[in-house]
Amino acid sequence: MNKNFSWFNVTSIVLGFAFLYIPILLLVIYSFNESKLVTVWGGFSTKWYKGLLENQQLMDAAWTTLRVGLLSATIATVLGTMAALVLVRMGRFPGRTLFSGMIFAPLVMPEVITGLSLLLLFVAINFDRGFWTVVLAHATFTMCFAAVVIQARLTDFDQSVEEAAMDLGASPVGTFFQVTLPIIAPSVISAWLLAFTLSLDDLVIASFATGPGATTLPMKIYSQVRLGVTPEINAISTILIGFVTIGVLIASYMTKLQSSRLSKEKRAVDAGAK
């Protein structure tokens, strides 16, 4: 057997993936359990998915989570794009180190610290906690991830395309929306999907930033799990896993599409140079 694929490596990979994904697989399987006891299989049934429609609290939490994710991901992507443009295009400027440090701090900051800091900020400015504070908190948390994804694309961007557009009379703003943005669109979409997925998954930061009437789905699931796992929780968790999986697959496809486009552009440039 190849040294890179020894039995030890294969066993380690299998055990690692089993440790990560078997619990998720069991959760999905037991969401179709007929029995109310989540540890006893009573036959196949979809009644718990139908029961979700009658559980108004879970449905309200799911709707809140979806709205928070859509808004915070959009805000984070817009701000992340602007931050990436500043870091890539502005060169060295006074305060660049501080600016980049503030942008990327949430990447390494524990979520508890981020959530507590945002809570103290909202209290200090007398901002009532609720739906919009959760949106702002998630946008703050996910903006750094969007900036990293988009900055990586802008670093390899061929600026001669923009220069050609401006030579033909396009304004800087028009060049960005007509030339730059369509080229980096796969990265922007990937950044948005990543921010949306992180927002759907967040529990800690939302717990600090939330207020009356703004309970997200992870918070609702966590509060119910403390009293005991029910098949409805398995069902809603399976749906959430489905959303996250779809988002990851789309982001992976966009990344692959972007890599393919870069390869074609490079081959075209090389052919033109010859």
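**Exercise 1. The crossing of two helices**

In this predicted model, α3 passes α6 in a right-handed crossing. Determine which class of mutual orientation α3 and α6 have, and check the span of α3 against its number of residues.

*Solution.*

Step 1. By class, 20 nonpolar, nine polar and two charged residues make up the contact of α3 with α6.

Step 2. The two partners are helix α3, residues 56-89, and helix α6, residues 131-155. Their axes lie 5 Å apart, and the packing angle is about 40°.

Step 3. Angles under 35 degrees would count as roughly parallel, and those from 65 to 115 as roughly perpendicular. The helices α3 and α6 are therefore oblique to each other.

Step 4. For the span, 34 residues at 1.5 Å a residue should give 50 Å for α3. The expected span is 1.5 Å times one less than the number of residues. The end C-alpha atoms of α3 are 49 Å apart, which agrees.

Step 5. Just after α3, G91 takes a positive phi of about 65°.

**Exercise 2. Two stacked ring pairs**

Classify the ring pair of F17 and Y21 and that of W192 and F196, and state how accessible each of the residues F17, Y21, W192 and F196 is.

*Solution.*

Step 1. The structure holds eight aromatic pairs. One of them joins F17 and Y21, with 5.9 Å from centre to centre and 15° between the planes, and is stacked.

Step 2. F17 and Y21 are four residues apart in helix α1 (residues 7-30), so about one helical turn separates them.

Step 3. F17 has a relative accessibility of 48% and therefore counts as partly exposed. Y21, at 47%, also counts as partly exposed.

Step 4. For W192 and F196, the ring centres are 5.2 Å apart and the planes meet at 5°, so this pair is stacked. Both residues lie in helix α8 (residues 172-201), four residues apart, or about one turn of the helix.

Step 5. W192 counts as partly exposed because its relative accessibility is 23%. F196 is buried, with a relative accessible area of 11%; the cut-off for buried is under 20%.

Step 6. Elsewhere, ring pairs link F32, F44 and Y49 into a cluster.

**Exercise 3. A positive phi outside glycine**

Locate N126, and decide whether N126 is buried or exposed.

*Solution.*

Step 1. N126 is not a glycine, yet its phi is positive, at about 60°.

Step 2. N126 sits in the loop between α5 (111-124) and α6.

Step 3. Exposed requires a relative accessible area over 50%. N126 has 65% and is therefore exposed.

**Exercise 4. The chain as a whole**

Describe the secondary structure of the chain and its extent, then place V78 within it.

*Solution.*

Step 1. The chain has eleven helices and zero strands. Read from the N terminus on, the elements run α-α-α-α-α-α-α-α-α-α-α.

Step 2. Taken along the principal axes, the C-alpha atoms of the chain fill a box of roughly 70 × 65 × 35 Å. Of the 274 residues, 37% count as buried.

Step 3. V78 is found in helix α3. With a relative accessibility of 47%, V78 counts as partly exposed.

Step 4. V78 and W48 are 30 residues apart along the chain, and 38 Å separates their C-alpha atoms.

Definitions and conventions:
Residues are numbered from 1 along each chain as its sequence is written. This is a predicted model: local features need pLDDT of at least 70, side-chain atom pairs count only at pLDDT 80 or more; totals for chains, interfaces and linings use all residues. Side-chain values use heavy atoms; hydrogens and water are left out. Axes are lines fitted to C-alpha atoms, for helices over the stretch in contact, and angles run from 0 to 180 degrees between N-to-C directions. Angles under 35 degrees count as roughly parallel, over 145 as roughly antiparallel, 65 to 115 as roughly perpendicular and the rest as oblique. A crossing is left-handed if the near helix is turned anticlockwise from the far one by less than a right angle, and right-handed if clockwise. Ala, Val, Leu, Ile, Met, Phe, Trp, Tyr, Cys and Pro count as nonpolar, Asp, Glu, Lys and Arg as charged, and the others, Gly among them, as polar. Rings of Phe, Tyr and Trp (its six-membered ring) pair if their centres lie within 6.5 Å; planes under 30 degrees apart count as stacked, over 60 as edge-to-face and the rest as tilted. Buried means under 20% relative accessible area, exposed over 50%, partly exposed in between (1.4 Å probe, protein chains only).
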